[in-house]
Amino acid sequence: MTDIRVKICGLSTPQDVAAVAAAGAAFAGFVFFPKSPRNVSIAQAAALAVEAPIGLCKVALTVNASDDDLDAITGAVPLDMLQLHGKESPERVAEVRARYGLPVMKAVGIADASDVPQIALYEQVADQLLIDAKPPKEAELPGGNGLSFDWRLLAGRKYWQKPWMLAGGLTPENVAEAIRMTGARQVDVSSGVESAPGEKDSGLIEAFTKAALAARG
Ligand SMILES: O=C(O)c1ccccc1N[C@@H]1O[C@H](COP(=O)(O)O)[C@@H](O)[C@H]1O
């Protein structure tokens, strides 16, 4: 049985990064999307990433970012992974991967069974897959909405060719059940470890990570 790996997304203070590392999470996510309450500037993310403990995988989340945006982010922030959370095509994912030489995690939104085949479109081009709830049509954000999808849609589908991460509406209370139902070995959370939009809570980060690491799929 492989260990569960946890990603905490939307960090914006040194205290957030310290809480994530102390809890034993594997990934720390920084959001570069101005509409998000978790948006960080490049300078802010650079300062956080430079001080992050060795071994913590530092992930930049972007949404339909241009080369200019990615050039600026990757040029200033020491990163270990790029998370593409918009409508990037498989061709764009391959292009980003080749241009920046960083592993790329592509998010795919799921609302119902008809969305599940989308995941396979990215198997060949991404290093990781992130399976999230599809945002409602009127949503401002393409993720980070605290919404989950029907986890039964993933039951028995552990075998994509790339590592995958489950996201969407996870909380300290439901993450063990989500892992059990889907067989996920990696989980990602943002809203579920906040006391208010954009404000991470170190107690919830610890509780979430503890519940995930103790869970068995
Ligand atoms: O967190 C955000 O603000 C965000 C903004 C734009 C795209 C994605 C975002 N977050 C990602 O969304 C999922 C689920 O988040 P939640 O736990 O339901 O709040 C997760 O992968 C975040 O990385």
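I began with burial: a residue is buried if 20 or more other C-beta atoms lie within 10 Å of its own, exposed if 12 or fewer, and partly exposed in between, with C-beta atoms placed from the backbone. I tried this on V189 at once: V189 is buried, because 29 other C-beta atoms lie within 10 Å.

**Ground rules**

I number residues from 1 along each chain, as its sequence is written. I am reading a predicted model, so local features need pLDDT of at least 70, side-chain atom pairs count only at pLDDT 80 or more, and totals for chains, interfaces and linings use all residues. I noted that pLDDT is the predictor's confidence in each residue, from 0 to 100. The protein has a mean pLDDT of 95, and 98% of its residues reach 70 or more. I copied down two model scores, ipTM 0.98 and pTM 0.96.

**The whole protein**

I looked up the helices and strands. They are DSSP runs, numbered from the N terminus: helices are H or I with at least four residues, strands are E with at least two. The protein has seven helices and ten strands. Its radius of gyration is 16 Å, close to the 17 Å that the globule rule gives for 217 residues, so the protein is as compact as a globular protein of that length. For this I took the radius over C-alpha atoms, and the rule is 2.2 Å times the number of residues to the power 0.38. The C-alpha trace spans about 40 × 40 × 35 Å along its principal axes. I also found that buried residues make up 42% of the 217 residues.

Next I looked at contacts. Two residues are in contact if their C-beta atoms, placed from the backbone, lie within 7 Å. I took the contacts between residues at least 6 apart in sequence; 57% of them join residues at least 24 apart.

**The ligand**

How many residues surround the ligand? I found 28, and the closest are C9, S36, G143, G144 and S191. To be near the ligand, a residue needs its C-beta atom, placed from the backbone, within 6 Å of it. Three strands, β2 (27-32), β6 (128-133) and β8 (186-189), each supply at least two residues of this shell. I sorted the shell into twelve nonpolar, 13 polar and three charged residues. Here Ala, Val, Leu, Ile, Met, Phe, Trp, Tyr, Cys and Pro count as nonpolar, Asp, Glu, Lys and Arg as charged, and the others, Gly among them, as polar.

**The core**

A nonpolar core is a set of buried Ala, Val, Leu, Ile, Met, Phe, Trp, Tyr and Cys residues joined through C-beta atoms within 7 Å. The largest one has 64 residues; I8, V20, F30, I131 and V187 touch the most other members. I followed I8, leaving out residues up to four places away in sequence. I8 touches V20, A25, A28, G29, V189, V193 and I205.

That led me back to V189, which sits in strand β8. With the same neighbours left out, V189 touches I8, C9, L170 and F208. I also checked V189 against I73: they are 116 residues apart in sequence and 22 Å apart in space, C-alpha to C-alpha.

**L82**

I found L82 in strand β4 (residues 81-84). Is L82 buried or exposed? L82 counts as buried, because it has 25 C-beta neighbours inside 10 Å. Not counting residues up to four places away in sequence, L82 touches A60, T62, V96, Y100, L102 and V104. L82 and L61 are 21 residues apart along the chain, and their C-alpha atoms are separated by 6.2 Å.

**Three loop residues**

S12 lies between β1 (5-9) and α1 (14-23). S12 counts as buried, because it has 20 C-beta neighbours inside 10 Å. Beyond its neighbours within four places in sequence, S12 is in contact with R38, V40, Q44 and G198.

N64 is in the loop between β3 (57-62) and α3 (67-76). N64 is partly exposed, because 13 other C-beta atoms lie within 10 Å. Its phi is near 50°, a positive value in a residue other than glycine. Most residues other than glycine have a negative phi.

N174 lies in the loop between β7 (164-166) and α6 (175-182). N174 is partly exposed, because 16 other C-beta atoms lie within 10 Å.
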